[in-house]
Amino acid sequence: MKAIGVLALIGCVVTVIESKIYSRCKLAKIFSRAGLDNYRGFSLGNWICMAYYESHYNTTAQTVLEDGSIDYGIFQINSYTWCRTEKQQQKNHCHVACSALITDDLTDAIICAKKIVKETEGMNYWQGWKKYCEGRDLSEWKKGCDVS
Ligand SMILES: *[C@@H]1O[C@H](CO)[C@@H](O)[C@H](O)[C@H]1NC(C)=O
């Protein structure tokens, strides 16, 4: 019994640390179900393209910036304004712990991304999107995926 308990515990810890890379179509499905397709006029392709260039679909991606703030997760959401860490609690516009933005469950990250698009009036927040996705034909990004 004890051994099984320990194994189960190790299993949990490994699951938490392991980074998850979503496939393009799996993301398309999750994004679509979460209402991102055409959210504020941005088609599904915009979101899939943006997530690719921001994180390569890596849910645990973290990038430390020069000012000491950190970009978190699949959408590389920044701790300075949008989420809270132990050191940085003031702005937290998404009312969420930054650690909740690097889990396999994308619910919080999607809610926060929607808020960013709403508050900043568009997707310009994401450099990857501006550079590689904005104004392009993005239909390829959902090609072959089981989404309408
Ligand atoms: C995903 O991001 C984490 C954190 O930055 C990194 O340690 C891991 O190697 C990345 N995974 C892949 C497959 O790139």
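Let's start inside the fold: helix H2 packs its buried residues against helix H3, which covers residues 44-55. Keep in mind as you look around that this is a predicted model.

Which residues of H2 are buried? In this helix, spanning residues 24-33, they are Leu27, Ala28 and Phe31. Viewed down the axis of H2, these buried residues fall within an arc of 105°, so they line one face of the helix. The spacing fits a familiar rule: an α-helix has 3.6 residues a turn, so residues three or four places apart point the same way. Turn to the other side of H2 and you will find Lys26 and Arg33, both exposed. Just beyond, H2 is followed by glycine 35, which has a positive phi, near 80°.

Now step back to the whole chain. The protein has five helices and three strands, and along the sequence they come in the order α-α-α-β-β-β-α-α. How many of its residues are buried? Of the 148 residues, 32% count as buried. As for the contacts with a separation of 6 or more, 53% are made by residues 24 or more positions apart.

Finally, have a look at the ligand. The residues around it are Ser19, Ile21, Asn58, Thr60, Ala61 and Gln62. By character, this shell divides into four polar residues and two nonpolar ones, with no charged residue in it.

Methods. Residues are numbered from 1 along each chain as its sequence is written. This is a predicted model: local features need pLDDT of at least 70, side-chain atom pairs count only at pLDDT 80 or more; totals for chains, interfaces and linings use all residues. A residue is near a molecule or strand if its C-beta atom, placed from the backbone, lies within 6 Å of it. Ala, Val, Leu, Ile, Met, Phe, Trp, Tyr, Cys and Pro count as nonpolar, Asp, Glu, Lys and Arg as charged, and the others, Gly among them, as polar. A residue is buried if 20 or more other C-beta atoms lie within 10 Å of its own, exposed if 12 or fewer, and partly exposed in between; C-beta atoms are placed from the backbone. Helices (H or I, at least four residues) and strands (E, at least two) are DSSP runs, numbered from the N terminus. The arc is that of the directions from the helix axis to the C-beta atoms. Two residues are in contact if their C-beta atoms, placed from the backbone, lie within 7 Å.
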